[in-house]
Amino acid sequence: MPNQQLASPPTTSNLTSRLASIDAYRGMVMFLMMAEVLELSKLAEVYPESNLLAWLKFHTSHVEWVGCSLHDLIQPSFTFLVGVSLPFSIASRLLKGSGYGSMFLHAVWRSLLLVVLGIVLRSLGKPATDFRFDDTLTQIGLGYCALFLIALTPRWNQVLSAVLILAGYWLLFAMWPLPAADFDYEAVGVPKDWPHLMSGFAAHWNKNSNPAWAFDVWFLSLFPYSSVYPFHSGGYSTLSCIPTLATMILGLLAGGMLADGKLAGGKGTAKGGYKMQTLLLATVGACLIAAGWALDHYGICPNVKRIWTPSFALFSGGICFVWLAVLHAICDSWNAKAWAFPFMVFGSNSILAYGMSWVLEKPLKELLLRHFGEAPFLVLGEAWEHVMLGSAVLFLMWLILLWLHRQRVFVRI
């Protein structure tokens, strides 16, 4: 297997061609995100005796604090794929004659644009700008320039960077003083009887009493809020951009492995580098999952997505590796990718699809109800109305993206 270093990426056209597995993965992630419009979790409230719907509710909702559901994997997958795509993006720009200086300026521009776009979307429907930096786009934007610079270094340095980031972030929380015994959790949005408060060493990662929360109390109060920033009701924080960078680096490493496979595989035959890369991706993923689980299980670091703990970064990053490995085997090695076309439609315009999920959901619902009334969405009963209406909205958004796909119109940042 060639030891391809991104410090000197190859300019071969073979490396710049697209991999179906990446497009399929990105599309599946976007579908899961946009499928929130179905509001499937509400069905469990109507049919509380159904174990299937209870399971579905868990996996279409974020966990309250410790743990991980399928829904919790959407943001890390989106973030991971930013890193996966970067080696191919760098190779493509080098092939077109771009220098490292111009690529860095583009990375700065992309970072700023992602942060601004995240804030603009978050502020929709609000009376003033919502200056928070914990959503997917702003978190990626805050770390993207550093990711680009790390991508230009040897592979061993990328691994070391991820390790140091996660170890340092863990140390910050572990060394942060625990709140006093009489700390008023209710004043920071945590009910007195909230069942997810942890004790002992794990209390360093409790909701709205940790260093990331303390940073936001200071940092976000610098922006024009109506009052001093007290807390985030969900416990999310700006400083999650630090371990989020580690997730992007994990994606960068996975992208480097895929690039190695393309170079070894020539035209991409299964006899080339693809089989080896599938096995390598799956093995690394399994090791990361085990490491993340062990850190949580043995009380070293709880698995909390909302503050992106190192154990969550490792656990979710491992699942991303395995997910990508499975798709790499199916779509690239076996060349079985026709099934993934509906997902690729979502993934080919991922930024636009992300924006559509924020902007078009309510107008499309109003449009459908205005012109067709409620009757078509009540055919399965009132309990299923929101699912039927959401399905129609999701289908309309897919049709818009399909038309753009066929017109070869792709929104890039």
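**Chat about a predicted model**

Trainee: What's the relative accessible area of valine 359?
Mentor: Valine 359 comes out at 41%, so valine 359 is partly exposed. That label covers what lies between buried (under 20% relative accessible area) and exposed (over 50%), using a 1.4 Å probe and protein chains only.

Trainee: Before I go on, what sort of model is this?
Mentor: This is a predicted model, where local features need pLDDT of at least 70 and side-chain atom pairs count only at pLDDT 80 or more, while totals for chains, interfaces and linings use all residues. Residues are numbered from 1 along each chain as its sequence is written, and side-chain values use heavy atoms, with hydrogens and water left out.

Trainee: Okay, back to valine 359. Which helix is valine 359 in?
Mentor: Valine 359 belongs to helix 14, which covers residues 350-359. Helices here are DSSP runs of H or I with at least four residues, strands are E runs of at least two, and both are numbered from the N terminus.

Trainee: Which residues join Val359 in a nonpolar patch on the surface?
Mentor: Leu124 and Trp358 form the patch with Val359, and together they have about 260 Å² of accessible area. Patch residues must have over 30% relative accessible area and no salt bridge; nonpolar side chains (Val, Leu, Ile, Met, Phe, Trp, Tyr) are joined within 5 Å, and like charges within 9 Å. The areas come from the Shrake-Rupley method with a 1.4 Å probe, and for residues only the protein chains shown count as cover.

Trainee: And how do helix 14 and helix 16 cross?
Mentor: Their axes come within 11 Å and cross at roughly 150 degrees, with helix 16 spanning residues 385-406. The axes are lines fitted to C-alpha atoms, for helices over the stretch in contact, and angles run from 0 to 180 degrees between N-to-C directions. Helix 14 and helix 16 are therefore roughly antiparallel. The cut-offs are over 145 degrees for roughly antiparallel, under 35 for roughly parallel, 65 to 115 for roughly perpendicular, and oblique for the rest.

Trainee: Is that crossing right-handed or left-handed?
Mentor: Helix 14 and helix 16 make a right-handed crossing. A crossing is right-handed if the near helix is turned clockwise from the far one by less than a right angle, and left-handed if anticlockwise.

Trainee: What about leucine 389, buried or exposed?
Mentor: Leucine 389 counts as buried, with 10% relative accessibility. Leucine 389 sits in helix 16, and its C-alpha atom is 25 Å from that of serine 123, which is 266 residues away along the chain.

Trainee: New topic: how many salt bridges are there?
Mentor: The structure holds nine. A salt bridge is a side-chain nitrogen of Lys or Arg within 4 Å of a carboxyl oxygen of Asp or Glu. Side chains of opposite charge can pair when their charged atoms come close.

Trainee: Which residues are linked in a network?
Mentor: Glu39, Lys42, Glu361 and Lys365 are linked by salt bridges. Lysine 42 and glutamate 39 meet at 2.7 Å, N to O, and in glutamate 361 with lysine 365 the closest N and O atoms are 3.4 Å apart. Glutamate 361 and lysine 365 are about one helical turn apart, because four residues separate them in helix 15 (residues 361-372).

Trainee: Are those two buried or partly exposed?
Mentor: Glutamate 361 is partly exposed at 26%, whereas lysine 365 is buried at 16%.

Trainee: What pairs with lysine 126?
Mentor: Lysine 126 forms a salt bridge with aspartate 130, with 2.5 Å between the closest N and O atoms. Lysine 126 is partly exposed at 37% relative accessibility, while aspartate 130 is buried at 7%.

Trainee: Back to glutamate 39: what is its phi?
Mentor: Phi of glutamate 39 is near 50 degrees, a positive value in a residue other than glycine. Most residues other than glycine have a negative phi. Glutamate 39 lies in the loop between helix 2 (20-34) and helix 3 (43-46), and is partly exposed at 24% relative accessible area.

Trainee: And what's the phi of asparagine 208?
Mentor: Asparagine 208 also has a positive phi, near 50 degrees. Asparagine 208 is in the loop between helix 8 (155-175) and helix 9 (211-219), and is buried, with a relative accessible area of 2%.
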